[in-house]
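I sat down with this one over coffee and kept short notes as I went. Here they are, in the order I looked things up.

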Amino acid sequence: MATWFLRGARRGVVTTRYPARPEPSASSLPTPPSFDPRLLTRAVAADLEASCPSGALYRVDGYLVFDVGACSACGRCIAASGGAARPSGHFELATSERERLLKRIPIEGGSLLGGAP
Ligand code: SF4
């Protein structure tokens, strides 16, 4: 990553091609959470919703909706989840369809519509 920055600063180029291989430093960066529906009780879902400063987590009709597009990967929900959330390890989440960024995780059972990122 530092190499890209230095090359760009030297040449005055502010964009770059998508990397041909994974960026090694990316593995140490925070990533959005993934959720284990087996541990997602109503109380945990409420705690998760309350913990998110970005409004990326909210409950609708028996589901916890995770708006990946609103997530800043701050990790507060992971700390508040009692093990129901963990870092996903995924950061390549771009899509041209907004709906694909909305994950629906069933609270206390139900069918899984949309998965973790
Ligand atoms: S990582 Fe932070 S912004 Fe993302 S869902 Fe959790 S609390 Fe919200």
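**Entry 1: a strand pair.** I started with Tyr 58 and looked for its bridge partner, which turned out to be Val 65 in E3. A reminder to myself before going on: this is a predicted model. Next I checked Val 60, and its bridge partner in E3 is Tyr 63. Counting up the ladder, I found four bridges joining E2 to E3, and the two strands run antiparallel.

**Entry 2: the turn.** How many residues lie between E2 and E3 in the hairpin? I found two, and Asp 61 in the turn has a positive phi of about 50°. E2 covers 57–60 and E3 covers 63–67, with Asp 61 in the loop between them. I paused at that phi because most residues other than glycine have a negative one. Is Asp 61 buried or exposed? Asp 61 has 8 other C-beta atoms within 10 Å, and 12 or fewer counts as exposed, so Asp 61 is exposed.

**Entry 3: the other side of E3.** I went back to Val 65 and looked across to E5, where Arg 104 stands opposite. Strand E5 takes in residues 102–106, and it pairs with E3 in the antiparallel sense over five bridges. Putting the pairs together, I get an open sheet of three strands in the order E2-E3-E5, with antiparallel pairing. The edge strands are E2 and E5, each pairing on one side only. I also looked up the twist: neighbouring strands of this sheet are turned by 30° against each other on average, direction ignored.

**Entry 4: a helix across the sheet.** Which strands does H2 lie across? I noted E2 and E3, with H2 running at about 135° to E2.

**Entry 5: the core.** I then asked for the largest nonpolar core and got 19 residues. Those with the most contacts inside it are Phe 35, Leu 40, Leu 48, Leu 57, Leu 64 and Phe 66. Helix H2 (42–51), E3 and H3 each supply at least two residues of this core. As background, nonpolar side chains tend to be buried together in soluble globular proteins.

**Entry 6: a second positive phi.** After Asp 61 I picked up Ala 73, also a residue other than glycine, with a positive phi near 60°. Ala 73 sits in the loop between E3 and helix H3 (76–80). For its surroundings I counted 17 other C-beta atoms within 10 Å; that falls between the cut-offs of 12 for exposed and 20 for buried, so Ala 73 is partly exposed.

**Entry 7: the ligand.** Which residues are closest to the ligand? I wrote down Cys 52, Ser 54, Cys 71, Cys 74 and Cys 77, out of 14 residues that surround the ligand. By class, I have nine nonpolar, four polar and one charged residues in that shell.

**Entry 8: a glycine in H1.** Last, I looked at Gly 8, which lies in helix H1 (residues 2–11). Leaving out residues up to four places away in sequence, I found that Gly 8 touches Val 13, Val 14 and Thr 16. Gly 8 has 13 other C-beta atoms within 10 Å, and I logged this glycine as partly exposed.

Note on methods:
Residues numbered from 1 in each chain as written. Predicted model: local features only at pLDDT ≥ 70, side-chain atom pairs only at ≥ 80, totals over all residues. Near = placed C-beta within 6 Å. Nonpolar A, V, L, I, M, F, W, Y, C, P; charged D, E, K, R; others polar. Contact = placed C-beta atoms within 7 Å. Core = buried A, V, L, I, M, F, W, Y, C linked by C-beta atoms within 7 Å. Pairing = 2+ DSSP bridges. Axes fitted to C-alpha atoms, helices over the stretch in contact; angles between N-to-C directions.
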